Structure formats: C-alpha cells, structure tokens
Amino acid sequence: MLHEQELRIFVEGTTNFFEVAAQQPATLGSPYLAEVPPPLHEYTGVINVSGKREGVVYFTAPKAMLAVLLMKMQETDFSHDTMRDLVGEVANTISGNARRDFGGDFLISVPSVISGEAAAIAPKAGARSFIIPIHWRSHSAKLVVSLG
Amino acid sequence: MHRSRSFGRAPLLTVGVGLALALSLGVVLLAGFRLATELNGSVVALQTASSLQTYPADISREIDTLRERLEVRTYAGRALDDLRGTTTRLDDGLADLARASAADPVALRAARDSWARFHRELDPVLAFSGQPYRDSDTAGSVLSTAGRAHFMHVRRAQLYAARHAQALREELGKVVDGLRSSASTAALRLRGLLLGGVLAALMLALLAVHLQIAKGREERSAREAQERTRDILRTVREGFFLLDSGHRIGPVWSDALRRMFGREDFAGLSFQDLLQDLVPPATLATALKYVNLLWGDRAHENLMKSINPLAQLEITTESERGGKETRYLQFDFHRVMGPKGVQHVLCAVGDITSSVLLARELQDSQSHASAQLDLLIGLTRTDPLQLGSFLDTADAGLRLVNAIMKEPARGDGEFRRKIDGLMRELHSLKGEAAALELTSVAERLHALEGLVEACASKAELSGADFLPVVLKLDELLAHLQGVKEIAGRLMLTREPQPLGESGSIGAALESLAAQLSREHGKPIRLELAGLAQVPAAYARTVKDCLIQLLRNAAVHGIEPTDQRAARGKNGTGLISAKFAATPNGYELVFEDDGAGIAADTLKRAAVRRQLISEEEAAAMDTRAAMALMFRPGLSTADGVSMDAGRGVGMDVVARGLQSIGGRIGVATHPGRFTRFRITLPAADRATGAVA
C-alpha cells in the first residue's frame with residue numbers, strides 16, 4: 001500500500017515546480033482512483049520507479065497549459081521541443097524530490113517524455129492508479145501515481 | 001592494564017639512570033679535581049723539597065768561600081750576599097712546604113728544627129754589616145776588629161756546617177721521600193677514581209641502552225597493539241566510542257560511526273551535538289538525563305539498561321546514494337570503572353535497521369494473518385448469500401464514493417459538497433458491515449468516515465486534504481478484494497445456510513442486535529415480523545433504515561440495566577420491527593421500550609453542533625425539534641464510536657426513504673418508548689433510484 005507521505009512527495013514535487021518556475025502555485029483537484037488511467041494530454045513526463053515500490057509516476061499536461069507556463073517563465077520559444085523539455089523538467093523535479101526524500105528505498109529512473117494524446121502508458125499491473133488533478137490558472141493537468 | 005603501568009615506569013627508570021649517571025660523573029669529577037689538586041700540591045712541594053736538598057751543601061760551600069776571602073783579604077761582600085740569598089731561599093722553601101701541608105709533618109718538623117739550629121749558627125755571620133778590613137801602612141790590609149769577630153763567626157759556622165750540613169740534607173731527604181710517597185698515593189687514587197668513574201659510567205650507559213631497547217620493544221608492542229585496535233575499530237560493524245565526564249567523545253572511535261551518522265568530526269564532539277539534529281528535543285533531553293545518570297556511582301547497570309531511551313532510535317540521515325534514509329540505531333552504554341569510580345562510558349551503537357524492519361514485517365505479517373483468520377472465522381458465520389449481497393453493495397457503494405471523489409472540484413464549496421455524499425454512503429456501508437459482523441471492513445469504513453469528517457472540520461478545503469481519504473479508499477478496496485477472494489473460496493465449499501424466519505434482512509438484524517447487546521452491555525430482545533414480505537425493490541433501503549434504527553435504539557434508546565430496573569422495566573430491552581402490507585403500499589413500524597427522545601436533548605445537540613442557534617432552539621416546538629434528528633450532522637452521542645456519534649444515521653434513513661417515495665414519522669414518550677412509523681408506496685409506484 002502506498003503511504004500518504006510517499007504520495008505527498010510526488011505531489012509536492014509537482015506543485016513545487018509551478019511555485020518555483022512560474023512563481024504561481026498550482027492547486028490540487030479532488031484525487032481519485034482509477035483502474036484504467038485516464039487518457040493522456042499532449043505532453044507527458046514519465047519516471048519509472050523500482051525498489052521498495054514498482055510502477056510509474058507521470059505528469060501529463062495539455063499544450064495550452066504548457067504554453068502559458070512558458071510565457072510566465074519569460075520563454076519565447078513555444079516549439080514542440082520546448083514543450084517536451086518543459087514537461088520533462090516537471091518530471092525531473094518530481095524525480096529529484098523523490099530521490100532526495102526516499103533515499104535508497106526507491107530507484108528512480110531518468111525522466112522520459114511522451115508526446116501525443118494517442119500515446120499510452122501501461123500502469124502497474126494489479127495496482128489502482130491515484131489520479132491527482134493539478135490546477136494552474138484556468139488549466140488542468142494530471143499527476144498519475146501507479147505504484148504496486 | 002599491565003601495559004599501561006610499564007609505560008608509566010619506563011620514563012622514570014630512564015630519568016633515574018640519567019640522574020645516576022650525572023651523579024656519578026659529578027662525584028668522579030669532584031673527587032678527581034680534589035685528588036688532582038692534592039697531587040699538584042704534592043708535586044710542587046716535591047719540586048721545592050728536592051731543590052732544598054742541595055741547599056746545605058751550597059751553604060757549606062759558600063761559608064768556605066767566605067772564609068777563604070776573609071783569609072786572603074779580598075772582597076767578601078759577594079760571598080756573604082750569596083750566603084744570605086741561599087739562607088733566605090731555604091727559609092722560604094721550608095715555609096712553603098709547611099703551608100702546602102703535603103709534606104710529612106714529622107719529617108718536616110725535624111728538618112725545620114735542624115735548620116733552625118743551623119740558622120742560629122749562621123745568624124752572626126749573616127748579621128755582619130761593617131768593613132772587615134783595615135788598611136795599615138805597615139802590614140797592608142788587615143782584619144779590623146769587627147772583621148776579626150766576623151771571621152771567628154764564619155769559622156764557627158764552617159765547623160757547624162761541616163758537622164751538620166749532611167744531617168740537614170738527610171732531614172730534607174726524608175721530607176722529599178714523604179712527599180714522593182704522598183704524590184704517588186694521590187696519583188694512584190686518581191687513577192682508581194678515574195677507572196671507577198669510567199666503569200660506573202659504562203655500566204650506567206649499558207643500563208640506559210638496555211632500558212632504551214626495552215622501551216623501544218614496548219613501544220613497538222604498543223604500536224602493534226594500537227594497529228590491532230585500529231584494525232578492529234576499522235572493521236567492526238558497531239559504532240564504538242568513549243564518553244568522558246563532560247559527555248564528550250574521546251579521540252578513539254570506530255569507523256562504523258562514519259557510516260551511521262554521516263560525519264567524521266567525532267573526536268571532542270559532545271553527545272548532545274551528536275544527536276541534536278537527529279532526534280526530537282524531548283528524546284534528546286531524556287537521553288542526556290540518562291547519560292547523566294550513568295555517571296552516578298549508585299546506578300545499577302541492569303536497571304539502567306532497562307530504561308535506556310535510546311534502545312531503538314529512529315534517525316534520518318543522508319544516504320550514500322543521495323537522498324534521505326531512515327535507519328534505526330541501538331545505543332548500548334557500559335560504564336568503565338576506574339579507581340575513583342566511573343572513568344568513561346563506553347557507548348556501542350548498532351545499526352538494527354534490518355532487524356527492526358524484519359520485526360515489523362513479521363508483525364505486519366502476523367497481524368495480517370490474524371486479521372485474515374478473524375475474517376475467515378467471521379465469514380464462516382455469515383450467510384453466503386448475505387455476504388455476496390454485501391460485497392456487491394460495498395463494491396457499488398465504494399465505486400459511488402470514488403465517483404464522488406472524481407467529481408471536479410477547485411474551491412472550498414465544491415469540495416465541501418462532496419462530504420455529505422461520502423459520509424452517507426460510507427455510514428450506510430459501515431452499518432451493513434457491522435450487521436454482518438465483518439469487523440475488519442467496518443473498522444476500515446469507520447476510519448475512512450473519520451478522515452472525511454476531518455476534512456469537514458477544516459476551514460478551507462483543498463484537494464490535498466482528500467489525499468488521505470483516497471489512500472484509505474484504496475486500502476479498503478484492496479481489503480474488500482481480499483474478502484471477496486476468501487468468500488469466493490468459502491462459497492465454493494459451503495452450502496447456503498437456510499434463511500431465518502424473517503429472511504436475510506432479519507438475520508442481519510438479529511446478528512447486529514446480538515453484537516450491539518454485547519458491545520454496549522445491554523440485554524436486548526429483538527422481535528421481527530413480516531420482513532420476508534419486503535419487496536426486492538425496497539430491500540436495501542429497508543435494510544439500511546432498520547440497521548440505522550436498530551443501532552440508534554441500542555445505543556441511545558435502550559437504557560442500561562440499572563436504569564431500567566430503577567424505572568421498573570424489564571432488564572432486557574425490547575426492540576421490534578414489523579413490516580406489513582397496507583391498502584396503499586407498506587408500513588414498517590419500528591419501536592423500542594427505551595428512554596424515548598427528549599426534544600430538549602435534540603435541541604441541545606443541534607446547538608452544540610452549531611446546526612441551529614440558541615434562539616432558534618428556544619423558539620422551536622416539539623414537532624420541529626423532533627425533525628432535527630433527520631438533519632445531517634446531528635448526533636446526541638458525546639463521542640464518536642463505531643455505532644454512533646457522527647450524526648449521519650437518521651440522515652441516511654430520511655434520504656433513503658425519500659428516494660423511494662417513503663415517509664417517516666416518529667412518536668416518543670420520554671422514559672417509555674420511541675416508535676418510528678414508515679410508510680412506503682406500493683412497489684410499482686416507487687420513485688426508486690436504488691440499483
């Protein structure tokens with residue numbers, strides 16, 4: 001069973017990114033469970049976790065949200081690659097937080113980035129995923145934690 | 001211990017040998033100086049005495065010369081001067097010998113006496129100062145009167161010298177012999193002293209060399225011992241260090257500490273600083289008090305061990321692979337006693353993380369096995385059909401709970417709107433689980449209810465507040481999955497038990513009544529009638545209502561036995577539920593012979609829970625007050641338990657009945673009874689929303 005502290009570390013990794021990068025905190029929507037994770041948005045940053053827990057944690061965000069985030073960060077390049085870099089940076093922040101707080105119990109991969117709504121990520125077999133909506137300004141992204 | 005005493009004695013021995021060597025050299029030098037001085041005096045005196053030995057012959061010869069001069073009337077002044085000079089030198093020489101005290105006093109005295117006598121004969125000669133001659137025209141140069149007397153003195157002296165000069169020479173020879181012997185003895189003593197000094201110095205030097213070799217050997221052994229100690233401290237998996245009376249760590253510590261605490265500056269570090277950032281302040285304060293106690297002479301080691309506050313210390317340190325790491329350390333303290341009491345405290349620190357985690361896993365595993373066993377036993381007592389029905393209901397109910405969670409929410413209002421729906425659904429499921437005596441499920445539902453209730457009490461709600469809820473929901477779903485799997489296996493092997501007279505709802509109520517009676521210590525008799533006639537469309541709602549009403553009756557209605565006795569009632573509380581068809585549908589009458597419901601009690605509870613103001617309560621009539629019991633959040637219970645206290649129950653009843661077009665009325669008489677009359681429309685007219 002996932003512990004509250006473990007879940008919070010992933011959540012705080014995500015919200016911290018917004019607070020630091022955009023100087024505007026993100027808020028959490030109502031968390032829920034899903035046996036089949038919801039469809040991905042256009043850009044998704046994924047980290048694989050092994051060790052004490054195994055599975056995936058990913059942050060999936062719509063293009064519009066990332067575009068506003070880039071503007072807020074004084075970026076002028078809104079290309080596909082910049083969007084990928086940005087969502088990868090969010091995943092990187094999540095994995096950095098997790099590495100710092102979990103220590104040796106968790107082995108956390110280098111983040112990878114998936115783009116395109118048609119893409120899919122296989123959740124950890126037999127584990128329900130925790131879906132945590134991340135609201136920032138008028139946009140919404142999702143943090144999905146699927147660890148067994 | 002032995003080694004440390006040897007080390008203490010070696011420098012003393014070296015110092016002693018050095019002092020002895022210095023002392024010997026000093027004695028040799030002093031005595032040698034004295035002997036050399038003495039020898040020098042003897043040699044000088046010997047030289048003097050040797051030269052004096054010739055003087056008697058010289059004096060005789062000079063007297064002879066003086067007489068010859070006087071006889072031939074030549075100048076005799078020079079000869080007299082020579083005599084005087086020799087006499088004076090002999091006087092001086094003898095005086096020097098007497099002062100030098102190196103000469104044999106007896107021989108010297110004899111020589112001096114002999115010379116004194118000789119000197120007396122010479123004195124008239126030496127005293128002459130006039131002209132010995134006188135010129136005469138006839139006889140030429142002749143002796144004057146004084147000259148003649150002088151001549152006579154010279155002749156007498158000549159005669160004396162002829163007789164005694166040899167004797168004086170011999171006397172002086174004896175003095176010389178004495179002095180030679182004395183010088184020889186002094187030289188011999190000096191040689192002996194020098195030889196002795198050299199031997200003593202040699203022996204002391206040998207001793208010093210021996211000591212140096214021994215010291216070198218001991219130092220080599222000490223170095224080897226230190227190396228071995230270092231090897232042990234480098235290899236041992238436990239952390240070792242000594243604390244001094246100032247609670248500071250000594251200079252020797254094992255390398256394992258480095259890994260345990262992630263630092264290297266242990267030498268001189270205080271025990272407080274070691275633990276400062278690792279443990280909560282209260283634990284730190286207790287640990288410091290404990291270490292203080294260890295220094296007391298009267299502290300009993302075994303007793304101290306039993307109250308060790310650091311027997312299992314959880315710390316968080318930086319991991320070698322980066323990030324934080326939680327580890328468990330065990331501190332063990334041993335007092336090192338010295339002649340003056342406690343000298344040090346040896347602290348052994350063990351990393352017991354693996355043991356602790358293993359113990360926890362074992363405990364979890366045992367708890368899980370125990371819970372599984374309890375669950376298994378509970379399931380064997382449960383009717384398979386009821387259980388299957390409950391599991392389906394629970395599945396649907398928790399899906400509904402998750403659906404409520406999934407409803408988008410951003411602001412406090414949207415989050416708060418979820419709470420009522422969550423509470424109703426969870427409470428209803430909990431009631432059913434308790435009725436089936438599925439304690440593990442009911443407890444989890446109760447805990448989940450508690451988390452939702454905690455959200456409700458927050459001033460400003462956000463999604464983060466619901467993280468514990470969704471985690472608990474996940475755990476509950478996993479648990480129900482386990483129950484399903486076990487139940488599935490059981491149902492394969494068990495025949496369904498025949499239904500009781502009142503059907504499956506009745507059986508569940510009887511089971512719940514027995515459980516409540518047991519838990520609250522109130523004897524209860526449950527009378528059921530007509531429940532088998534409950535249409536399937538109303539089954540769940542009726543069951544939910546009856547479960548809630550039964551819980552309320554058992555917890556709030558039926559009085560404790562002593563109160564019932566005081567009121568003249570039967571000790572066993574009576575609760576009845578009668579379901580019957582009516583011309584317009586159905587009627588369910590639920591009644592208990594308990595304490596009844598006082599309008600004032602409901603008003604006070606509503607005011608306490610801030611559902612109404614005191615003014616509203618004061619203006620409320622009995623009918624309106626009775627309606628309060630159906631308001632969400634009202635409970636007259638003082639605390640929260642599995643059965644009451646959250647103010648959800650009657651709300652569930654009212655909403656459930658409302659959903660199928662039913663109505664509920666209540667009649668009560670304080671101290672005597674409470675009666676709920678529920679009317680339901682004919683089943684085909686139900687506004688049913690129940691799946």
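The exercises below, each with a worked solution, treat a predicted model of two chains, A and B.

Residues are numbered from 1 along each chain as its sequence is written, and chains are lettered from A, with ligands numbered from 1, in the order in which they are written. Because the model is predicted, local features need pLDDT of at least 70 and side-chain atom pairs count only at pLDDT 80 or more, whereas totals for chains, interfaces and linings use all residues.

**Exercise 1. Describe the side of chain A that touches chain B.**

Begin with the size of the contact, to which chain A gives 23 residues and chain B gives 28 residues; two residues are in contact if their C-beta atoms, placed from the backbone, lie within 7 Å. Next, locate the elements of chain A that each supply at least two residues, among them helix H1 (4-21), helix H3 (80-102) and strand S7 (129-136); helices (H or I, at least four residues) and strands (E, at least two) are DSSP runs, numbered from the N terminus. Finally, sort this side of chain A by class, which gives 11 nonpolar, 6 polar and 6 charged residues; Ala, Val, Leu, Ile, Met, Phe, Trp, Tyr, Cys and Pro count as nonpolar, Asp, Glu, Lys and Arg as charged, and the others, Gly among them, as polar.

**Exercise 2. Work out the order and pairing of the open sheet of 5 strands in chain B.**

The order is S8-S9-S10-S12-S11, and the pairing is mixed; two strands pair if DSSP finds at least two bridges between them. The edges are then strand S8 (524-529) and strand S11 (663-669) of chain B, each of which pairs on one side only. Taking one pair in detail, S8(B) and strand S9 (residues 573-582) of chain B run parallel and are joined by 6 bridges, and B:Leu526 stands opposite B:Ile575 in S9(B).

**Exercise 3. Place helix H16 of chain B against this sheet and follow one residue, B:Leu550, to its contacts.**

H16(B) lies across S8, S9, strand S10 (585-592) and strand S12 (673-681) of chain B, and runs at about 15° to S10(B); axes are lines fitted to C-alpha atoms, for helices over the stretch in contact, and angles run from 0 to 180 degrees between N-to-C directions. Turning to B:Leu550, and leaving aside its neighbours within four places in sequence, one finds contacts with B:Leu509, B:Leu512, B:Ala513 and B:Ile575. B:Ile575 is thus met again, having appeared in S9(B) opposite B:Leu526.
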